[in-house]
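Q: I'd like a close look at one part of this protein, the sheet and what sits around it. Could you walk me through it?

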Amino acid sequence: MKLIILDRDGVINYDSDQFIKSPEEWKPIPGSLEAIAKLNQWGWRVVVASNQSGVGRGLFGMDTLNAINEKMVKSLAQVGGRLDAIFFCPHAADSTCECRKPKPGLFLQIAARFNADLAGVPCVGDSLRDLQAGAAVGCQPYLVLTGKGLKTREDPALPDNALIYPDLASVVADLTA
Ligand SMILES: [Mg+2]
Ligand SMILES: [Zn+2]
């Protein structure tokens, strides 16, 4: 099974320092939805793993998060794409939960759900914590320079084996070459 794990904000859609807290604020990065559809066509299972601490901070509720994700799913469907699952951590940044990236809890949930070995599985993120969470369970980290990626690229803690791409579309172009 070919499995790929994507961060959401800053990878699939534009990020915001004020959080994406309504469906209206969710706007896809050009080419990202088509890239996911291409992964589907090439036999990849595509799973999202996303920190959503806005829930834990009380900025928006689960109903709103579901509505935002529904907009993503519908937008994807319009270009023939789909996600196999969306995993998220709803806890606040100061939580001691096991699922907020850089902890690998979401990735372990994904491994269990898909009965998958995560060794070498591509994980695509724009923040250091995305790549750290993936690297902790043996994923191959891909840094994209959308979202917070330009800043992340300068971080000395960037995993040594991180591959750097302009955006999700260029990652997918390579994976489907
Ligand atoms: Mg992000
Ligand atoms: Zn959590």
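In what order do the six strands of the open sheet come, and is the pairing parallel or antiparallel?

A: Sure, and keep in mind as we go that this is a predicted model. Reading across the open sheet, the six strands come in the order 3-2-1-4-5-6, and they pair in parallel fashion. At the edges you'll find strand 3 (85-89) and strand 6 (163-165), each of which pairs on one side only. From one strand to the next, the twist averages 25°. If you're wondering what pairing involves, strands of a sheet pair through backbone hydrogen bonds, either parallel or antiparallel.

Let's zoom in on one pair. Strand 1 (residues 2-6) and strand 2 (residues 44-51) are joined in the parallel sense over five bridges. To find your way there, look for Leu3, which stands opposite Arg45 in strand 2. Helix 1 (residues 32-41) lies across both strand 1 and strand 2, and it runs at about 140° to strand 2.

Now follow the chain from strand 1 into the loop that leads to helix 1, where you'll meet Asp7 and Asp9. An unreviewed UniProt entry lists Asp7 and Asp9 under "active site". Are they buried or exposed? Asp7 counts as buried because it has 28 C-beta neighbours inside 10 Å, and 20 or more is the cut-off for that label. Asp9 is buried too, because 22 other C-beta atoms lie within 10 Å. Leaving out residues up to four places away in sequence, Asp7 touches Ala49, Ser50, Val124, Gly125, Asp126 and Asp130. With the same residues left out, Asp9 touches Asp15, Ile20, Ser50 and Gly147. So Ser50 turns up in both lists, as a contact of Asp7 and of Asp9.

Next comes the nonpolar side of things. The largest nonpolar core has 41 residues, and Ile5, Leu6, Phe107, Val124 and Leu168 are the ones touching the most other members. Take Phe107 as an example: beyond residues up to four places away in sequence, it touches Ile5, Ala49, Leu118, Ala133, Gly134, Val137 and Cys139. You've met Ala49 already, as one of the contacts of Asp7, and Val124 is another of those contacts.

For a contrast, hop over to Val73 in helix 3 (residues 62-78). Val73 is partly exposed, because it has 13 other C-beta atoms within 10 Å, whereas a residue needs 20 or more to be buried.

Conventions: Residues numbered from 1 in each chain as written. Chains lettered and ligands numbered in written order. Predicted model: local features only at pLDDT ≥ 70, side-chain atom pairs only at ≥ 80, totals over all residues. Helix = DSSP H or I, 4+ residues; strand = E, 2+ residues; numbered from the N terminus. Buried ≥ 20, exposed ≤ 12 C-beta atoms within 10 Å, placed from the backbone. Pairing = 2+ DSSP bridges. Axes fitted to C-alpha atoms, helices over the stretch in contact; angles between N-to-C directions. Contact = placed C-beta atoms within 7 Å. Core = buried A, V, L, I, M, F, W, Y, C linked by C-beta atoms within 7 Å. UniProt positions renumbered as here; feature names shortened; annotations may be inferred.
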